[in-house]
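Work through the three exercises below with the structure open. Each task is followed by a solution in steps.

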Amino acid sequence: MQRVIIDCDPGIDDALALMLALSSPELEIVGITTVSGNVSADLGGRNAKKVLRQMKRLDIPVYIGEMKPLKVPYTDASDTHGRDGLGESFLPEVQGDFPGISAVDFLEGALDEEELSVIALGPMTNLARLFQKRPDLIRRIPRFVSMGGSFRSHGNCSPVAEYNYWCDPQGAEVCYDCAARAGKIIEMVGLDVTRKIVLTPSLLSYMERLDPETGSFIRRITRFYMDFHWEQERIIGCVINDPLAVAYFIDPSLCGGFDAFLTVAGEGVCRGQTVVDSMNFWKKEPNSRVLADADVKRFLRMFLSRLIPGAGDLAYLEQLYRMEY
Ligand code: BDR
Ligand code: CA
């Protein structure tokens, strides 16, 4: 059992990633921290609680994090995730207050106390603020997995940039810089691999047939996201980025990649672009593991079977797979 903190901006795919993490016996979630990204950090916190209620895990604390990126003005992604961040499902609020400490203070205290891994599913503002104050704490993070960036793939909010790193490019840069100084590796689950993960209408129907309760919750929060994908990219279904970061954390053999030095462009037309020195021009020690391949079928099997018991039937998945790919 690995003890982890999940830093996120729920967000439709963050919600699915939290559901996967909460259904995985390998993980013990010590706390969830939210950051302004898809929606503001406080709205994200309320959404995290809606997911925890759905999963009957309201015992897990949610800490509200940074409201704004380090330097650039904040731009949300409500065009993608809906005004409420959960696909305009407008699920009822969960009553009750948040703990009285900020996400950054929680991260500092928790890491001072014990080594904890981090799965970052949003812009890395909270972690950057932590490392600006306490760069030493990166050494207390055995595994640091970040969904963000892209190596060869085009961006999803500019020709070259992925949203999380575009939203707070200096935040991402501070984290990779801190990793470089400490001799640590951040495992980058970028668009090269997450673009392959598409939740299709057939997969959704399959989930709903087997478990109407969970399936209809997922349908409710993904409808808007599916419409967005059709209008924006002519994709039937939706790319679910964040669950792959959780699945890869649990089973690193799901993705292949390489180690390299990486930095993030801060301004101008390249804002948020990950500059990966894959040819080692700069002769610097790697500070990242850049994922380039993913075993989509094995991911789907893990994702489906954990969210919906009985949905990991390989024969049926093979049939669906043949129909769809
Ligand atoms: C990332 O940006 C957000 O919109 C998603 O939640 C994901 O973390 C994909 O670029
Ligand atoms: Ca996210």
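**Exercise 1. Give the volume of the largest pocket, then describe its lining and state where the pocket lies with respect to the domains.**

Solution.

Step 1. In this predicted model, the volume of the largest pocket comes to about 510 Å³.

Step 2. Its lining holds 30 residues; nearest the pocket centre are Thr80, His81, Asn156, Tyr163 and Phe228.

Step 3. Sort the lining by class: 10 residues are nonpolar, 11 are polar and nine are charged.

Step 4. Assign the lining to helices. At least two lining residues come from each of α1 (12-22), α3 (78-81), α6 (163-167) and α10 (212-233). With five residues, α10 gives the largest share.

Step 5. Compare with the domain bounds. Domain 1 (2-192 + 239-294) and domain 2 (198-238 + 298-324) both contribute to the lining, so the largest pocket lies between them.

**Exercise 2. Set out the strand order of the eight-stranded open sheet, identify its edges, and place helix α11 against the sheet.**

Solution.

Step 1. Read across the open sheet: the eight strands follow the order β3-β2-β1-β4-β5-β6-β12-β9, and the pairing is mixed.

Step 2. Find the edges. β3 (62-64) and β9 (255-260) each have a single partner strand, so each has one side without a neighbour in the sheet.

Step 3. Take the twist. Ignoring direction, neighbouring strands of this sheet are turned by 25° against each other on average.

Step 4. Examine one pair. Strands β4 (residues 117-120) and β5 (residues 144-147) are paired in the parallel sense, over three bridges. Isoleucine 119 has valine 145 in β5 as its bridge partner.

Step 5. Add the helix. α11 (residues 242-250) packs on the sheet, where it touches β1 (2-8), β2 (27-34), β4, β5, β6 (186-189), β9 and β12 (288-294). The direction of α11 makes about 160° with that of β5.

**Exercise 3. How many cavities of 30 Å³ or more are there, and which residues line the second largest cavity?**

Solution.

Step 1. Apply the cut-off: two cavities have 30 Å³ or more.

Step 2. For the second largest cavity, the volume is about 40 Å³.

Step 3. List its lining: Lys297, Leu300, Leu314, Leu317, Glu318 and Tyr321. By class, four of these are nonpolar, two are charged and none is polar.

Step 4. Locate the lining in the helices. Both α12 (296-307) and α13 (314-324) supply at least two residues. The largest share, four residues, is that of α13.

Notes. Residues are numbered from 1 along each chain as its sequence is written. Chains are lettered from A and ligands numbered from 1 in the order in which they are written. This is a predicted model: local features need pLDDT of at least 70, side-chain atom pairs count only at pLDDT 80 or more; totals for chains, interfaces and linings use all residues. Side-chain values use heavy atoms; hydrogens and water are left out. On a 1 Å grid over the protein atoms alone, a cavity is a set of points where a 1.4 Å probe fits but cannot get out, and a pocket is an open set with protein on both sides within 12 Å along at least five of seven lines; lining residues have an atom within 4 Å of a point. Grid points are joined across faces, edges and corners, and a volume is the space filled by probe spheres set on the points. Ala, Val, Leu, Ile, Met, Phe, Trp, Tyr, Cys and Pro count as nonpolar, Asp, Glu, Lys and Arg as charged, and the others, Gly among them, as polar. Domain bounds come from an automatic or database domain assignment. Two strands pair if DSSP finds at least two bridges between them. Axes are lines fitted to C-alpha atoms, for helices over the stretch in contact, and angles run from 0 to 180 degrees between N-to-C directions. Contact means heavy atoms within 4.5 Å.
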